[in-house]
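Dear colleague,

I am passing on the structure we spoke about, together with some notes on what was found in it. Please have it open while you read.

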Amino acid sequence: MTALIVEQLGKFLLMKQERFKTPPTPLNSAGDSAQDAIAGTGLIAEKSKLKPKKPPLYKVLLLNDDYTPMEFVIMLLMRFFDMHQEQAERIMIHVHTKGVGVCGVFPKEIAETKVRIVTDFASENQQPLQCTMEKN
């Protein structure tokens with residue numbers, strides 16, 4: 001089935017070449033891989049010179065309060081930010097002593113989701129923990 005599709009695609013591309021009178025581009029002397037050749041026609045797929053822009057990144061921040069237990073913050077960091085116990089404890093201590101700490105840096109949509117999940121989880125557990133985000 002796949003061979004038939006490849007064969008038909010090759011015929012289609014050859015018909016298009018003949019229609020527009022463009023000679024096929026031969027493979028280079030080094031012999032490009034089969035992935036680079038289009039359906040065995042001898043044409044080479046051109047790589048796009050345009051690179052997609054990287055999305056802007058946002059920091060997800062935890063804010064200190066005097067009521068949320070430290071164990072809750074550690075558990076939250078491990079659960080929602082995939083941190084190890086040690087890393088979660090370091091960030092929790094940083095938030096506790098400095099008042100704010102970075103949990104991670106993400107594209108905007110992911111950062112918004114993390115903030116919402118953390119805030120909702122804290123509210124569901126009657127904790128006043130605040131989570132925000134800011135552009136990196």
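The notes below take up two loop residues and then a pair of helices.

Please keep in mind throughout that this is a predicted model. A good place to begin is Gln 127, which sits in the loop between helix H4 (108-124) and strand S3 (130-135). Its relative accessibility is 19%, and because buried means under 20%, Gln 127 counts as buried. Leaving out residues up to four places away in sequence, Gln 127 touches Tyr 67, Thr 68, Pro 69, Phe 72 and Ala 122.

One of these partners, Thr 68, belongs to another loop, the one between strand S1 (57-63) and helix H2 (70-81). Thr 68 has a relative accessibility of 12% and therefore counts as buried. Apart from neighbours within four places in sequence, Thr 68 is in contact with Val 73, Gln 127, Pro 128 and Leu 129. With Leu 129 there is also a polar approach, since a polar atom of the Thr 68 side chain lies 3.4 Å from the backbone nitrogen of Leu 129.

Turning to the helices, H2 packs against helix H3 (residues 85-98) at an angle of about 130°, and their axes are 9 Å apart. The two helices are therefore oblique to each other, and their crossing is right-handed. On the H2 side the contact is made by Met 70, Val 73, Ile 74, Leu 77 and Met 78, while H3 contributes Gln 85, Ala 88, Glu 89, Ile 91, Met 92 and His 96. Sorted by class, this contact has eight nonpolar, two polar and one charged residues.

With best wishes

How values were computed. Residues are numbered from 1 along each chain as its sequence is written. This is a predicted model: local features need pLDDT of at least 70, side-chain atom pairs count only at pLDDT 80 or more; totals for chains, interfaces and linings use all residues. Side-chain values use heavy atoms; hydrogens and water are left out. Helices (H or I, at least four residues) and strands (E, at least two) are DSSP runs, numbered from the N terminus. Buried means under 20% relative accessible area, exposed over 50%, partly exposed in between (1.4 Å probe, protein chains only). Contact means heavy atoms within 4.5 Å. A polar contact is a pair of N or O atoms within 3.5 Å; within protein, one must be able to donate a hydrogen and the other to accept it, and residues adjacent in sequence count only if both atoms are side-chain atoms. Axes are lines fitted to C-alpha atoms, for helices over the stretch in contact, and angles run from 0 to 180 degrees between N-to-C directions. Angles under 35 degrees count as roughly parallel, over 145 as roughly antiparallel, 65 to 115 as roughly perpendicular and the rest as oblique. A crossing is left-handed if the near helix is turned anticlockwise from the far one by less than a right angle, and right-handed if clockwise. Ala, Val, Leu, Ile, Met, Phe, Trp, Tyr, Cys and Pro count as nonpolar, Asp, Glu, Lys and Arg as charged, and the others, Gly among them, as polar.
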